[in-house]
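Student: I'm new to this one, so could you show me the structure and take me through it?

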Amino acid sequence: NEYSLQLSDMYCRKMDNLTSEAEINALIVTMSIDYCNKVKTIKAQENYSHYTKIAIEYIRNHLYEKVRIDDLTFEVSLNQRSLSIYFKKDTGLSIPDYITQRKLDEAKILLKTTNYSISEISEMLSFSSQSYFGKRYKEYLGSTPQKYRDSLIE
């Protein structure tokens, strides 16, 4: 699917910039862990409702855009209340929380594998502001984006 191609492209671009065997091995480990996590997520979704699966695929394919609930309800042909009930039952999260978490997971990958600035990543993932992005990142992942990126260098 489109998401797999995007992920593959991102890792290929990162690999092209590496110069040492240690850097390449570290990226291979990161890619392997990321791949396993993606497979685990997909396996967990096998029991989700048809509506939730469509919504998740839409979110995944539009991660770099502002995803609106109205767009999701149109995509799955359900009203907002019904979709929200299915989605919460299947994922344990509200739709906005799920969208934010997927965007933050993507931000973590971008922080690890690219040289984009934090403001660029925030903008790419359609957060309303860099400060809001930083606040939500810290709430969800336990550190600021800059502290996370700095920890990769140490």
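Student: How many residues apart are R60 and E57 in helix α3, and how much of a helical turn separates them?

Tutor: Quick background: this is a predicted model, where local features need pLDDT of at least 70, side-chain atom pairs count only at pLDDT 80 or more, and totals for chains, interfaces and linings use all residues. Residues are numbered from 1 along each chain as its sequence is written, and side-chain values use heavy atoms, with hydrogens and water left out. Helix α3 covers residues 50-61 (helices are DSSP runs of H or I, at least four residues, numbered from the N terminus). R60 and E57 sit in α3 at a spacing of 3 residues, so they are separated by about one helical turn.

Student: What distance separates the closest N and O atoms of R60 and E57?

Tutor: Side chains of opposite charge can pair when their charged atoms come close. R60 and E57 form a salt bridge (a side-chain nitrogen of Lys or Arg within 4 Å of a carboxyl oxygen of Asp or Glu). Their closest N and O atoms are apart by 2.6 Å.

Student: Is R60 buried or exposed?

Tutor: Buried means under 20% relative accessible area, exposed over 50%, and partly exposed in between, using a 1.4 Å probe and protein chains only. E57, at 27%, is partly exposed. R60 has 15% relative accessibility, so it counts as buried.

Student: And which helix holds both D105 and R102?

Tutor: These two side chains also meet in a salt bridge, 2.6 Å from N to O. D105 is partly exposed at 22%, and R102 is partly exposed at 23%. They are 3 residues apart, about one helical turn, in a helix spanning residues 95-113: α6.

Student: Is K89 buried or exposed?

Tutor: K89 joins D90 in a salt bridge at 3.9 Å, N to O. D90 is buried, with a relative accessible area of 14%. K89 has 67%, so it is exposed.

Student: At what angle do α3 and α4 pack?

Tutor: Two packed helices are described by the angle between their axes and the distance between the axes. Here the axes (lines fitted to C-alpha atoms over the stretch in contact, with angles from 0 to 180 degrees between N-to-C directions) lie 9 Å apart. Helix α4 is residues 69-76, and α3 packs with α4 at about 130°.

Student: How many salt bridges does a search of the whole structure find?

Tutor: We've met R60 with E57, D90 with K89, and D105 with R102. Those are among the total from the whole-structure search, which is 5.

Conventions. Helices (H or I, at least four residues) and strands (E, at least two) are DSSP runs, numbered from the N terminus.
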